[in-house]
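Before setting up any calculation on a model, it helps to have a plain account of how its parts are arranged. Please look over the sequence and the structure shown here, and then read the briefing beneath them.

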Amino acid sequence: MSSLFTYFFLGVSLAAPIGPVKATLLNKGIKDGFFHAWFFGLGAIATDILYMLMVYFGVAQFIDSPFMKTFLWSFGFFVLMYTGIENLLTLHTISMDAKYRKTVRLRQSFLSGLLMAFLNPLTILFWLGIYGSILVSGGGKLTGIEIIFFSVTILLGITLVDLIMSTISSGSRKVLSTSFLKTVSLISSLSMIGFGIYFGIQAYHSLF
């Protein structure tokens, strides 16, 4: 049980920092409500599961190749820049009206979370480093059922953080002023653009 708690806390710790995916999730909650933020988070978690499987079966070494890194840095740059700029241009659409909802299907929010997390090279490096070390922990003597339990526990920690962030961001519409929500959205949008620029620099360095 102590080991499970350790891995659950690991999942919480890894999901808590505000990176490009979490910044977008917060924007989703503020602009489109809880379910859109939640489905965006589920899309990102689906990517986590995919990368976990790839690390487990040894396929992630291909994704970690120089060509794929450059490809992912580049597309991550375009996705983050586009999303950040789009959010800046739609700041005026944030409203305190409880009936307000942007016309976006839930599956679009899920797919955008899946795409953004998949094109985030930091996600790959994380799962290669953290999850890879878990697989070789204990001298590589972990059984299949232990790996499954530890993996699910990490995902539960990540899911809890996403659920809390989705609830807070969507609930903030009811208790905070429009100007404050726009400020939060502005900061998260600039954060996405900042990460996009960082990804672009990394793509450039990987080419030259």
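The points below go from the chain as a whole to helix packing and then to single residues.

This is a predicted model, and its chain holds nine helices and zero strands. Buried residues account for 44% of the 208 residues in the chain, while the area that the chain exposes comes to about 10900 Å².

**The chain as a whole**

- Read from the N terminus, the order of elements is α-α-α-α-α-α-α-α-α, in keeping with the count of nine helices and zero strands.
- Of the contacts in the chain with a separation of 6 or more, 88% are between residues 24 or more positions apart.
- Carbon and sulfur atoms supply 75% of the area of about 10900 Å² that the chain exposes.

**Helix 3 against helix 6**

- Helix 3, which covers residues 34-56, packs on helix 6, which covers residues 106-118, at an angle of about 40°, and the two axes are 7 Å apart.
- This angle makes helix 3 oblique to helix 6, because the value falls outside the ranges that count as roughly parallel (under 35 degrees), roughly perpendicular (65 to 115) and roughly antiparallel (over 145).
- The crossing in which helix 3 passes helix 6 is right-handed.
- On the side of helix 3 the contact is made by F35, H36, F39, F40, L42, G43, A44, A46, T47, L50 and Y51, and on the side of helix 6 by L106, S109, F110, S112, G113, L114, M116, A117 and F118.
- Sorted by class, the residues of this contact between helix 3 and helix 6 comprise 14 nonpolar, six polar and no charged.

**Helix 2 against helix 3**

- Helix 2, made up of residues 20-32, packs against helix 3 with an angle of about 155° between them and with their axes 7 Å apart.
- Helix 2 is therefore roughly antiparallel to helix 3, and the crossing of these two helices is right-handed.
- From helix 2, the residues V21, T24, L25, K28, G29 and D32 meet H36, A37, F40, G41 and A44 from helix 3.
- The contact of helix 2 with helix 3 is divided by class into five nonpolar, four polar and two charged residues.

**Helix 2 against helix 6**

- The axes of helix 2 and helix 6 cross at roughly 165° and come within 10 Å of each other.
- With that crossing angle, helix 2 and helix 6 are roughly antiparallel to each other, and helix 2 passes helix 6 in a right-handed crossing.
- Here P20, V21, T24 and K28 of helix 2 meet S109, S112, M116 and A117 of helix 6.
- By class, the residues where helix 2 meets helix 6 are four nonpolar, three polar and one charged.

**Buried residues: N27 and T153**

- N27 is part of helix 2, and it counts as buried because its relative accessibility is 2%, where buried means under 20%.
- Leaving aside residues up to four places away in sequence, N27 touches D32, N87, S185, S188, S189 and M192.
- T153 belongs to helix 8, which covers residues 144-175, and with a relative accessible area of 10% T153 is also buried.
- When residues up to four places away in sequence are not counted, T153 touches L4, Y7 and F8.
- One of these partners, Y7, is 146 residues from T153 in sequence, yet the C-alpha to C-alpha distance between T153 and Y7 is 6.0 Å.

**Exposed and partly exposed residues: F78 and L10**

- F78 lies within helix 5, residues 66-89, and F78 counts as exposed because its relative accessibility is 54%, with exposed meaning over 50%.
- F78 and I197 are separated by 119 residues in sequence, and their C-alpha atoms are 9.2 Å apart in space.
- L10 is found in helix 1, residues 2-15, and is partly exposed, its relative accessible area being 23%.
- L10 and I130 are 120 residues apart in sequence, with a C-alpha to C-alpha distance of 9.6 Å.

Technical notes. Residues numbered from 1 in each chain as written. Predicted model: local features only at pLDDT ≥ 70, side-chain atom pairs only at ≥ 80, totals over all residues. Heavy atoms only, no water. Axes fitted to C-alpha atoms, helices over the stretch in contact; angles between N-to-C directions. Helix = DSSP H or I, 4+ residues; strand = E, 2+ residues; numbered from the N terminus. Left-handed = near helix turned anticlockwise from the far one by under 90°. Contact = heavy atoms within 4.5 Å. Nonpolar A, V, L, I, M, F, W, Y, C, P; charged D, E, K, R; others polar. Buried < 20%, exposed > 50% of the residue type's maximum accessible area, 1.4 Å probe, protein only. Areas by Shrake-Rupley, 256 points an atom, 1.4 Å probe, with all protein chains shown as cover.
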